[in-house]
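The exercises below ask you to read a chain from its overall fold down to single residues. Please try each task on the coordinates before turning to its solution.

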Amino acid sequence: MVEKRFRFFVWLYMAMFFIAVLLIVLNILPVRLTAVHALFFIVSGIFAVIFLILQYGKGLGSAITILIFMVSTCIEWMQTSLTSGGDGSGVTTDFGLVINGIPVAFGFIWLVLIVGTHVIAREITLKIKIDWLRGGIYAVIGATMVMVFEMLIEPVAMQVKQLATESPTITIIQMTDAANWWMLGLILHLMIYFMLSLTDQWGKLHFPTLKSELVLVYWIVLSFFLVLGYYMGLWSIIAITLTGNILFTICYYLSLENDTKKKPVA
């Protein structure tokens, strides 16, 4: 019953995505991020929170949620404060609710980003027997996916931060930011790995059939930014983001296929 309800709302969410894209194409919704887009991302983050709680229980799921939300929001605040001279005046309130100069929607974007990359990276590395090697590869895969996703998010989010860039290609500043986001992704995934390993929850999911639904939510959010990036002419960034995510998602589905083959033997 839980799986059916979760799937129903995910498919309803996907229908909302197609409607939003249609509204953008018809120039009814603006290409720049607004409160309407913020609501869309908040809903995606709620899916990620529900997924964590369903899979790992209220205590551990809530702890991972708080970790991702607080750390990512603090980093966003620090970055915005540095680029706006510390007064936070460089952030517009057009992207929904803002707390201390940072739109709340940013935290929800990070939730679906980290949880989605966690699911994909976990599945790819699940068969590795050596703990430290499994954790390291898992964190590197997750961090790399975060980096290529953030390379697309950052130019779009600059509109919200009023730090618009005219360049459709990758700049030195963006490369530096990408390295910082990779490091943040690495730290968050390592912390998640340690939390799940110490509680003996790494190899356990209460509702394993919902993994692909969360990956679908991740791709819906990614596709939304791809659409916005298309209208901004971010061709090179779109190519890198799309290539990286397709490769890792293919590896994810190949790992799922291997699981299916091994079940009858067991």
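Helices (H or I, at least four residues) and strands (E, at least two) are DSSP runs, numbered from the N terminus. The model is predicted, so that local features need pLDDT of at least 70 and side-chain atom pairs count only at pLDDT 80 or more, while totals for chains, interfaces and linings use all residues. Residues are numbered from 1 along each chain as its sequence is written, and side-chain values use heavy atoms, with hydrogens and water left out.

**Exercise 1. The fold as a whole**

Task: State how many helices and strands the protein chain has, and give their pattern along the sequence.

Solution: Begin with the count, which is seven helices and two strands. Reading along the sequence then gives the pattern α-α-β-β-α-α-α-α-α for the protein chain. For burial, a residue is called buried under 20% relative accessible area, exposed over 50%, and partly exposed in between (1.4 Å probe, protein chains only); by this rule, buried residues make up 49% of the 266 residues in the protein chain. Finally, with contact meaning heavy atoms within 4.5 Å, 84% of the contacts between residues at least 6 apart in sequence join residues at least 24 apart.

**Exercise 2. Helix H1 and the residue after it**

Task: Compare the reach of H1 with its expected span, and list its buried residues.

Solution: The expected span of a helix is 1.5 Å times one less than its number of residues. H1 covers residues 2-25, which is 24 residues, and its reach of 35 Å from first C-alpha to last is close to the 34 Å expected at 1.5 Å a residue. Its buried residues are Phe6, Val10, Tyr13, Met14, Phe17, Ala20, Val21 and Ile24. To interpret such a list, recall that an α-helix has 3.6 residues a turn, so residues three or four places apart point the same way.

Just after H1 comes Asn27, with a positive phi of about 65°, although Asn27 is not a glycine. Most residues other than glycine have a negative phi. Asn27 is found in the loop between H1 and H2, and it counts as exposed because its relative accessibility is 67%.

**Exercise 3. The packing of H3 against H4**

Task: Describe how H3 and H4 pack, first by geometry and then by the residues that make the contact.

Solution: Two packed helices are described by the angle between their axes and the distance between the axes. Here the axes are lines fitted to C-alpha atoms over the stretch in contact, and angles run from 0 to 180 degrees between N-to-C directions. On this basis, H3 (residues 104-125) and H4 (residues 131-157) pack at an angle of about 145°, with their axes 9 Å apart. The contact is made on the H3 side by residues including Phe106, Trp110, Leu113 and Thr117, and on the H4 side by residues including Ile137, Ile141, Met145 and Phe149. The residues of this contact divide into 16 nonpolar, four polar and three charged, where Ala, Val, Leu, Ile, Met, Phe, Trp, Tyr, Cys and Pro count as nonpolar, Asp, Glu, Lys and Arg as charged, and the others, Gly among them, as polar.

Turning to H3 alone, its 22 residues reach 32 Å from first C-alpha to last, close to the 32 Å expected at 1.5 Å a residue. H3 is mostly covered, since 21 of its 22 residues are buried.

**Exercise 4. The loop between H5 and H6**

Task: Work out which of Thr199, Asp200 and Gln201 is buried, which partly exposed and which exposed.

Solution: Thr199, Asp200 and Gln201 are found in the loop between H5 and H6. Thr199 is partly exposed because its relative accessible area is 38%; its C-alpha atom is separated by 9.8 Å from that of Tyr56, 143 residues apart along the chain. Asp200, at 51% relative accessibility, counts as exposed, and it has a positive phi of about 60° although it is not a glycine. Gln201 is buried, with a relative accessible area of 17%, and, not counting residues up to four places away in sequence, it touches Tyr56, Leu60, Leu196 and His206.

A further step concerns Gln55, which is found in H2 (residues 35-83). Gln55 counts as buried because its relative accessibility is 0%, and, with the same exclusion of residues up to four places away, Gln55 touches Leu205, His206, Phe207, Pro208 and Leu210.
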